[in-house]
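User: Please take a close look at a single part of this protein, namely the sheet and what packs against it. A connected account in formal terms would be welcome.

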Amino acid sequence: MSVNDNGEISGWDFSLSDDEFLEKYLLPYLTGVSKSKLSQMTTLANSYYLFWANPSTSTCYILPNGIQFRIGGTAYGYKLLVIDINGTRKPNLVGRDGFMFKFEPDKNRFAPIGQGLTRQKLVTDGFSACAKNISWWNVHYAGEYCAALMMHDGWKIRDDYPW
């Protein structure tokens with residue numbers, strides 16, 4: 001619906017602040033959204049949501065069903081949307097209940113991170129794989145391909161899904 005009202009994603013104003021971007025392009029199409037500066041995303045020591053959507057500069061949005069999300073801009077020219085599907089309930093880990101998507105103006109799309117990669121790459125890439133055994137040095141990226149893996153698998157969780 002936003003594309004119908006605002007044109008193609010490639011024409012959206014990515015210079016807007018993160019909150020302004022959501023208020024213009026996403027929030028008018030959702031009902032019952034509340035917002036808060038505090039959320040489970042901001043308080044968990046083991047959560048790497050903070051790395052992607054800084055709570056000091058972005059608002060936590062909460063849907064009536066408890067799903068929480070934040071948006072964060074990047075130096076790469078896109079906006080990253082981090083979604084926690086069960087809100088404040090644990091485990092609050094990317095790939096398990098947290099999933100990452102991006103608005104990409106250069107590709108004119110909203111997609112999970114890793115969309116278009118092979119299934120093999122989605123589950124074995126040592127940097128962002130949807131896998132349990134990720135090296136300690138890249139914990140900020142671990143699991144970020146999990147939404148793309150589910151999309152690749154027809155929005156189903158196959159038996160070999162790591163969690």
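Analyst: The following account takes the sheet as its subject and then turns to the helices and loops around it.

The model is predicted. It contains six helices and six strands, and along the sequence these elements follow the pattern α-α-β-α-α-β-β-β-β-β-α-α. Of the 163 residues, 48% count as buried. Among contacts between residues at least 6 apart in sequence, 50% join residues at least 24 apart. The exposed surface of the protein comes to about 8700 Å², and carbon and sulfur atoms supply 53% of that area.

The six strands form an open sheet in the order β1-β2-β3-β4-β5-β6, with antiparallel pairing. Its edge strands are β1 (34-36) and β6 (109-112), each of which pairs on one side only. From one strand to the next, the twist averages 25 degrees.

Within this sheet, the pairings of β3 deserve particular attention. On one side, β2 (residues 60-62) and β3 (residues 68-73) pair in the antiparallel sense over two bridges. In this pairing Tyr61 stands opposite Phe69 in β3. The hairpin of these two strands has five residues between them, and there Gly66 takes a positive phi near 95 degrees. Strand β3 is also joined to β4 by six bridges, and these two strands run antiparallel. Here Gly72 stands opposite Leu80 in β4. Five of the six residues of β3 are buried, so the strand is largely enclosed by the rest of the structure. As background to such pairings, the side chains in a regular strand alternate between the two faces of the sheet.

Part of the surroundings of the sheet is helix α2.

Helix α2 (residues 18-25) packs on the sheet, where it touches β1, β2, β3, β4 (79-84) and β5 (98-104). The direction of α2 makes about 120 degrees with that of β3. The buried residues of α2 are Asp18, Asp19, Phe21, Leu22 and Tyr25. Because these residues cover an arc of only 160 degrees around the axis, they lie on the same side of α2. Their cover includes β2, β3, β4 and β5, together with helix α1 (2-6).

One of these buried residues, Asp19, also has a polar partner outside the helix. The side chain of Asp19 makes a polar contact with the side chain of Thr59, at 2.8 Å. Thr59 belongs to the loop between α4 (49-52) and β2. With a relative accessible area of 7%, Thr59 is buried, because the cut-off for that class is under 20%. The contact thus links a buried residue of α2 with a buried residue of the loop that leads to β2.

A further set of contacts involves helix α6 and the later strands. Ala147 lies in helix α6 (residues 146-152) and counts as buried at 2% relative accessibility. Leaving aside neighbours within four places in sequence, Ala147 is in contact with Phe99, Met100, Phe101, Pro112 and Trp155. Of these partners, Phe101 is 46 residues from Ala147 in sequence, yet the two C-alpha atoms are 7.8 Å apart in space. Since β5 spans 98-104 and the edge strand β6 spans 109-112, the contacts of Ala147 with Phe99, Met100, Phe101 and Pro112 connect α6 with both of these strands.

Trp155, another of the contacts of Ala147, is located in the segment after α6. In contrast to the buried Ala147, Trp155 is exposed, with a relative accessible area of 53%. Its backbone is also notable: phi of Trp155 is near 60 degrees, a positive value in a residue other than glycine. Most residues other than glycine have a negative phi. A positive phi occurs at Asn108 as well, with a value near 55 degrees. Asn108 is found in the loop between β5 and β6, and at 29% relative accessibility this residue counts as partly exposed.

Taken together, the sheet has α2 packed on it, a buried side of that helix covered in part by β2, β3, β4 and β5, and a largely enclosed strand β3.

Technical notes:
Residues numbered from 1 in each chain as written. Predicted model: local features only at pLDDT ≥ 70, side-chain atom pairs only at ≥ 80, totals over all residues. Heavy atoms only, no water. Helix = DSSP H or I, 4+ residues; strand = E, 2+ residues; numbered from the N terminus. Buried < 20%, exposed > 50% of the residue type's maximum accessible area, 1.4 Å probe, protein only. Contact = heavy atoms within 4.5 Å. Areas by Shrake-Rupley, 256 points an atom, 1.4 Å probe, with all protein chains shown as cover. Pairing = 2+ DSSP bridges. Axes fitted to C-alpha atoms, helices over the stretch in contact; angles between N-to-C directions. Arc of directions from axis to C-beta. Polar contact = N/O pair within 3.5 Å; in protein donor to acceptor, adjacent residues only side chain to side chain.
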